[in-house]
Amino acid sequence: MKKYVPKVDDYVIWKENRGWVYFVDDLYITIETGIKPKPNCEYTKNEKHKYIHTLLLCHPQYWKDLEYVHTRKNKYGKTLEEMGIYNRFDNVD
């Protein structure tokens, strides 16, 4: 079995935490464990960011402990069906 290498938009479980891989780098990944709407800012006319993201940092020495669940094609979907989830390891030798 190949060593799992996290990619953005993978859904993973790590210990008691679960969420979407939000950022990937050689030094760490972040796992998005939650989001909530960002309050309106009276000083910003065109608010670019609409949510506050809760992210968990995971260094490469712990990637072996990640459990891959599935991957999403569309991160803007509200349901798993709209996200177009799939297993990126299906049909891979």
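In the predicted model described here, K64 is exposed, with a relative accessible area of 66%, where exposed denotes over 50% relative accessible area, buried under 20% and partly exposed the range in between, as evaluated with a 1.4 Å probe on protein chains only. The model is a prediction in which local features require pLDDT of at least 70 and side-chain atom pairs count only at pLDDT 80 or more, whereas totals for chains, interfaces and linings use all residues. Residues are numbered from 1 along each chain as its sequence is written, and side-chain values rest on heavy atoms, with hydrogens and water left out.

The side chain of K64 meets that of D65 in a salt bridge with an N to O distance of 3.4 Å, a salt bridge being a side-chain nitrogen of Lys or Arg within 4 Å of a carboxyl oxygen of Asp or Glu. D65 is partly exposed, with a relative accessible area of 38%. Three salt bridges are present in the structure. Another of them joins D9 to R72, whose closest N and O atoms are 2.9 Å apart. Because D9 lies in the segment before β1 (10-14) and R72 in the loop between β5 (67-71) and α1 (80-83), this pair ties together parts that are 63 residues apart in sequence; helices (H or I, at least four residues) and strands (E, at least two) are DSSP runs numbered from the N terminus. Both partners are buried, D9 with a relative accessible area of 14% and R72 with one of 9%.

A further salt bridge is formed between R88 and D10, with the closest N and O atoms 2.6 Å apart. R88 is located in the segment after α1 and D10 in strand β1, so the pair ties together parts that are 78 residues apart in sequence. D10 is buried, with a relative accessible area of 0%. The side chain of R88 also reaches the backbone oxygen of V5 at 2.9 Å. When neighbours within four places in sequence are left aside, R88 is in contact (heavy atoms within 4.5 Å) with Y4, V5, P6, K7, D10, Y68 and T71.

Y4, one of these contacts of R88, also belongs to the largest nonpolar core, which has 10 residues and further includes V12, W14, V21, I29, I31, C58, W63, L66 and Y68. Such a core is a set of buried Ala, Val, Leu, Ile, Met, Phe, Trp, Tyr and Cys residues joined through side-chain atoms within 4.5 Å. The elements that give two or more residues to this core are β1 and β3 (29-37). Not counting residues up to four places away in sequence, Y4 touches D10, V12, W63, L66, Y68, R88 and F89.

Strand β3 also contains T30, which counts as buried at 10% relative accessibility. Outside its neighbours within four places in sequence, T30 is in contact with residues including W20, V21, Y22, F23 and L55. F23 lies in strand β2 (residues 17-24) and is partly exposed, with a relative accessible area of 35%.

H70, in strand β5, counts as buried at 14% relative accessibility. Residues up to four places away in sequence not being counted, H70 touches D9, D10, Y11, W20, L80, I85 and Y86. H70 and M83 are 13 residues apart in sequence, and their C-alpha atoms are 11 Å apart in space.

Note on methods
A polar contact is a pair of N or O atoms within 3.5 Å; within protein, one must be able to donate a hydrogen and the other to accept it, and residues adjacent in sequence count only if both atoms are side-chain atoms.
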